[in-house]
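This report describes the fold of one protein chain and then examines several of its residues in turn. The reader is invited to keep the sequence and the structure in view throughout.

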Amino acid sequence: MSNNNLQDSAVKHLCAGLESPNCRLETLRLSRCGLSEISCDYLAAALKSNPSHLRELDLSYNKNLKDPGVKHLCVLLENPQCQFETLRLSLCDLSERSCEALSSGISSQSSNLRELDLSNNNLKDSGVKLLSEGLKSPHCTLETLSLSGCLITEGGCTSLASALSSNPSHLRELDLSYNHPGDSGM
């Protein structure tokens with residue numbers, strides 16, 4: 001459903017279907033749909049009532065999702081019935097505040113998240129530091145993390161290096177392109 005001007009009202013109707021116990025949808029792509037944090041509320045409520053089938057959620061390029069919307073979705077990562085494996089939130093106007101909620105979600109014993117795309121958000125080093133706390137958890141199952149274009153410098157790289165060396169991490173792919181880590185950060 002990506003690249004359609006669905007907006008929040010259409011997502012509200014879509015969520016009525018997601019709540020159905022007969023819904024077996026595994027992938028939902030709503031990239032570039034003009035969504036705001038209200039859509040995240042609708043999605044979180046629907047998936048809370050029927051969390052077991054959705055594996056991939058792509059909300060990229062919805063600049064009005066912002067931090068409060070992501071916080072509602074992160075609660076799902078801590079739900080033992082939630083089977084999210086892929087969450088794409090590229091270019092959603094997120095800041096370091098989203099990283100705190102995401103860190104809690106990925107470090108949850110219940111989390112099944114394998115791929116997280118946070119590219120082109122204003123996370124900065126402070127956000128990466130918060131996210132790194134989740135990466136340190138032995139419960140973190142993340143294999144792919146994209147932080148391309150997130151205004152990361154040497155400080156963010158230091159936090160990531162510390163997280164990855166303190167835990168036998170599952171991480172296999174880390175994208176830090178279009179940042180400014182400098183030689184010492186690398």
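## Overall form

A compact globule of 186 residues would have a radius of gyration near 16 Å, and the chain, at 16 Å, agrees with this expectation. The model is a predicted one. Taken along the principal axes, the box filled by the C-alpha atoms of the chain is roughly 50 × 30 × 20 Å. Of the 186 residues in the chain, 49% are buried.

The secondary structure consists of 7 helices and 6 strands. Their order along the sequence follows the pattern α-β-α-β-α-β-α-β-α-β-α-β-α. Among the contacts between residues at least 6 apart in sequence, 89% join residues that are at least 24 apart. One pair of residues separated in sequence is Pro21 and His53: they are 32 residues apart along the chain, and their C-alpha atoms are 9.9 Å apart in space. Pro21 belongs to the loop between helix 1 and strand 1 (27–29). With a relative accessibility of 62%, Pro21 counts as exposed, because the cut-off for this class is over 50%.

## The nonpolar core

In soluble globular proteins, nonpolar side chains tend to be buried together. The largest nonpolar core of this model has 51 residues, and Leu59 and Leu147 are those with the most contacts inside it. At least two residues of this core come from each of helix 1 (7–18), helix 2 (37–49), helix 3 (66–77), helix 4 (96–106), helix 5 (124–135) and helix 6 (154–166).

Which residues are in contact with Leu147, leaving aside its neighbours within four places in sequence? They include the nonpolar residues Leu118, Leu123, Val128, Leu131, Ile152, Leu160, Leu174 and Leu176. Ser119, Asp175, Ser177 and Asn179 are also in contact with Leu147.

## A buried serine in helix 5

Ser132 is found in helix 5. Is Ser132 buried or exposed? Its relative accessible area is 1%, so Ser132 is buried, the cut-off being under 20%. A polar atom of the Ser132 side chain lies 2.8 Å from the backbone oxygen of Val128. Val128 is also one of the residues in contact with Leu147. When neighbours within four places in sequence are left aside, Ser132 is in contact with Ser159, Leu160 and Ala163.

## Aromatic rings

How many aromatic pairs does a search of the whole structure find? The search finds 0 such pairs. An aromatic ring does, however, meet a charged group: the charged end of Arg32 sits over the ring of Tyr61, at 3.8 Å from the centre of that ring.

## Two positive phi angles

Most residues other than glycine have a negative phi. Gln7 and Leu151 are therefore worth noting, and the table sets out their values.

| Residue | Phi | Place | Relative accessible area |
|---|---|---|---|
| Gln7 | near 60° | helix 1 | 39% |
| Leu151 | near 60° | loop between strand 5 (144–146) and helix 6 | 45% |

Gln7 counts as partly exposed, and Leu151 is likewise partly exposed. Gln7 is found in helix 1, whereas Leu151 lies in a loop.

Terms used. Residues numbered from 1 in each chain as written. Predicted model: local features only at pLDDT ≥ 70, side-chain atom pairs only at ≥ 80, totals over all residues. Heavy atoms only, no water. Core = buried A, V, L, I, M, F, W, Y, C linked by side-chain atoms within 4.5 Å. Buried < 20%, exposed > 50% of the residue type's maximum accessible area, 1.4 Å probe, protein only. Helix = DSSP H or I, 4+ residues; strand = E, 2+ residues; numbered from the N terminus. Contact = heavy atoms within 4.5 Å. Phe/Tyr/Trp six-rings, centres within 6.5 Å; stacked < 30°, edge-to-face > 60°. Lys NZ or Arg CZ within 6 Å of the ring centre and 35° of its normal. Polar contact = N/O pair within 3.5 Å; in protein donor to acceptor, adjacent residues only side chain to side chain. Rg over C-alpha atoms; globule rule 2.2 N^0.38 Å.
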